[in-house]
There are 6 protein chains.
Amino acid sequence: MIKTPDKSYTEWSVIARPKDANSIGTIFGGRIMDWMDMTASICARRHSNLKVSTVAVENLHFAKPLKVGLVIKICAVINRTFGSSMEVNVDVFGEDTYNNNKSFKAVTAQFIIAAVDDSYRPVKVPELKPESAEQIKRWEEAGERRNKRNAKA
Amino acid sequence: MIKTPDKSYTEWSVIARPKDANSIGTIFGGRIMDWMDMTASICARRHSNLKVSTVAVENLHFAKPLKVGLVIKICAVINRTFGSSMEVNVDVFGEDTYNNNKSFKAVTAQFIIAAVDDSYRPVKVPELKPESAEQIKRWEEAGERRNKRNAKA
Amino acid sequence: MIKTPDKSYTEWSVIARPKDANSIGTIFGGRIMDWMDMTASICARRHSNLKVSTVAVENLHFAKPLKVGLVIKICAVINRTFGSSMEVNVDVFGEDTYNNNKSFKAVTAQFIIAAVDDSYRPVKVPELKPESAEQIKRWEEAGERRNKRNAKA
Amino acid sequence: MIKTPDKSYTEWSVIARPKDANSIGTIFGGRIMDWMDMTASICARRHSNLKVSTVAVENLHFAKPLKVGLVIKICAVINRTFGSSMEVNVDVFGEDTYNNNKSFKAVTAQFIIAAVDDSYRPVKVPELKPESAEQIKRWEEAGERRNKRNAKA
Amino acid sequence: MIKTPDKSYTEWSVIARPKDANSIGTIFGGRIMDWMDMTASICARRHSNLKVSTVAVENLHFAKPLKVGLVIKICAVINRTFGSSMEVNVDVFGEDTYNNNKSFKAVTAQFIIAAVDDSYRPVKVPELKPESAEQIKRWEEAGERRNKRNAKA
Amino acid sequence: MIKTPDKSYTEWSVIARPKDANSIGTIFGGRIMDWMDMTASICARRHSNLKVSTVAVENLHFAKPLKVGLVIKICAVINRTFGSSMEVNVDVFGEDTYNNNKSFKAVTAQFIIAAVDDSYRPVKVPELKPESAEQIKRWEEAGERRNKRNAKA
């Protein structure tokens, strides 16, 4: 079975509230990572239709702080599959609804998520079929990242 | 200024976890209402570009229980504006990712949300321009509901 | 078996803290709904002595914003039973303990709550016997609301 | 100004949910203490009409475990005032709504709470006037406890 | 089997965030008690290697308020064992990392924690062997406190 | 000013509770990341005595699942400083207190954390002086990782 990335695309929005803030007025980084993992996991479940478990997070960069009051939008899209594991790209945007919904990318990362059975053994996932130019580019870059990881190990 | 409903459409997905459960194995109703209000508020902020405050919730029906482990998807779309207030429709779906992402509507409601200034006084919002047949139907039904509310008062 | 409303009256108080606030300094609406559902559910459990599940919320009106620092008091009282379902009235008060405990009604709604067995099938609840003039008035109004709901369906 | 204990009596009920549980199926002790402090603080604010700060907790005994699914009821009543501080008694009950609302006392403690100004300096509170036999007994026992505390120091 | 206190010493640090605050800008007392109980329970589990349940809290004093933004450090050390129960001392420090990590003791208490089996029956714990002068002093003071408790009962 | 890694070493332990679990019985990955970021941030604040902001997370690997009921221990130690940024190593251990406190490493990552002023501009941090063989090894490896990052950019 083969699936396109659109089938598992996952979007999530939240209003950043005081309960999410650190002590210097912006959203606590760990809180954002928690939201990213949730969104990536849903994407991986939608693609694999299996139980999933996050294996690694790569290139997690916090480019810009996110202030209380902003709408936070998180988008997860699957880049590529490798047997039983999936690389899911997660982007976090700050969206200023008080300023014409202007949006900026604040955080980005790739989540490596494995499909597992009840004993946490890996299970093969459906193959991914990228279609658009951007999807194909993501698919190729995911392959290069994997080669580098394997070279390191 | 006039906006279409697509401009403010808001989608939100979460994995139902044990922390969200009541003591009989399904998601606690109040938790779902909290998520619905958040999603509706983002939709209202995206349409109005103003501060917003929930004024009323109408026709909130819990049709089906939602079990831990399901993906919960919440969709908010603005039905109509009335001066400074907006009627936002919120649908909650349970999505069984372990069963081919089969989805069922579990909860639905209309949220009446006002745009306000810093002193909580009402502020006029942009008009809504429904385009598709469904958007026009939603727009008309929102008008009927409002007439009934006014008749009661 | 017949029970009076006093047997299941439920009261709940909390100090509104920053963790409960939205991004404009008042308590997030969804948070209040969560508290209301909890209080209504306890009331329904105390009356029915059964498992319960919220079926609908009606006439939920947020009349006044609630600020951080206020004591929030929520009172739930059963209005009437209909076979396996109960109508529970929930009032939310803001209480200013720094100003002689002055209190104002901020939110109100009726919760329709069903008694269920382990398979979520409806189970008959004890009848309600209203005694005071106010309890009888609530009982009658609940009947009228139910007639309207049935007329709509 | 003189006030009776009834003026500040505070009651709080909650359904014990999985999110409140420790890893062996009962409510986590720290969670219960958190609820007790909240309830005691409201009672102290209602009596003093001032800002308050918990100074000490005495004789905190967990007599019985509390299971997920029970209704937990917490009752706070002021025992006595001492200048700027108040002794508030807090009792925690487990209430089995599936078994005719049978209730048992699970935890008890006295909270010593000071009224303070914005700089955390003590402020005198209204005197307490116990009326019923039980209120008078509580008032006297609070005095004995205070004498013992002072003897220790 | 005999163990020293060092084997079960437990340390826990957190940044005090807005979500932990009360409505007057300092950390809510119940939140601190929750953290103390968690830390004490880990210490008791590390000593006993058994399931544990908090039985009582003694001499809980809040000496100083803790402000949002401070690092809070909690240290739990076992003072003495009594058959199936353990006395664990818990100290809470505020640590000002913006001021050369200056630290002050803010809260202190002794937690009496029992080792239990699955039916909450008491189970004997390993004996404690105090070694340093301070450990021996703690051990002796725990004995005196116990004698006083028994005298009261 | 020069500081050793011991000055900022940070340890944190928690009992994994149902509220931390995902829907397949282990701790939710995002929850662990949240705890890691908190622990790393305290370490960075203790070294820098400045406000800090997480910039990136590298090599985040979830080697083993963590079950509800385990004690989770997180250790953060600073590896090296680079002007205004610090590399902090974070290890997460599962500790089975029911089995002689046996412990296994479950997750590891390096956090790149910047010291910032109130406008989020970088501020120079004290230099790190590694002393033990392990600290020197960590210091050198951090330099190699930084060279690779710079080569990529």
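**A shared sheet and the C–D interface**

In this predicted model, strand β3 of chain C (residues 51–62) runs antiparallel to strand β6 of chain C (residues 102–116), and nine bridges join the two. Within this stretch, C:Ser53 sits opposite C:Ala114 of β6(C).

That pair belongs to a bigger picture: 10 strands make up an open, antiparallel sheet, ordered β2(B)-β4(B)-β5(B)-β6(B)-β3(B)-β3(C)-β6(C)-β5(C)-β4(C)-β2(C). At the edges stand β2 (10–15) of chain B and β2 of chain C; each has a single partner strand, so one side of each is left without a neighbour in the sheet. On average, neighbouring strands here are turned by 25 degrees against each other, direction ignored. Helix α2 of chain C (residues 133–152) lies across β3 (51–62) of chain B as well as β3, β4, β5 (85–96) and β6 of chain C, and runs at about 70 degrees to β4(C).

Turning to chain D, 26 residues of chain C are in contact with 26 residues of chain D. Between them, the two chains bury about 2400 Å², with carbon and sulfur atoms giving 47% of that area. On the chain C side, C:Arg45, C:Arg46 and C:Tyr98 lose the most area to chain D, together 28% of what that side buries.

Polar links turn up here too. Across this interface, 16 residue pairs are in polar contact, and four salt bridges are counted between chain C and chain D. One of the salt bridges brings together the side chains of C:Arg17 and D:Asp34, at 3.7 Å from N to O. As for where the chain C side comes from, β2 (10–15), α1 (29–48) and β4 (71–82) each supply at least two of its residues. That side splits into nine nonpolar, eight polar and nine charged residues.

Methods: Residues are numbered from 1 along each chain as its sequence is written. Chains are lettered from A and ligands numbered from 1 in the order in which they are written. This is a predicted model: local features need pLDDT of at least 70, side-chain atom pairs count only at pLDDT 80 or more; totals for chains, interfaces and linings use all residues. Side-chain values use heavy atoms; hydrogens and water are left out. Contact means heavy atoms within 4.5 Å. Buried area is the accessible area (1.4 Å probe) that two parts lose on being put together, summed over both. A polar contact is a pair of N or O atoms within 3.5 Å; within protein, one must be able to donate a hydrogen and the other to accept it, and residues adjacent in sequence count only if both atoms are side-chain atoms. Helices (H or I, at least four residues) and strands (E, at least two) are DSSP runs, numbered from the N terminus. Ala, Val, Leu, Ile, Met, Phe, Trp, Tyr, Cys and Pro count as nonpolar, Asp, Glu, Lys and Arg as charged, and the others, Gly among them, as polar. Two strands pair if DSSP finds at least two bridges between them. Axes are lines fitted to C-alpha atoms, for helices over the stretch in contact, and angles run from 0 to 180 degrees between N-to-C directions.
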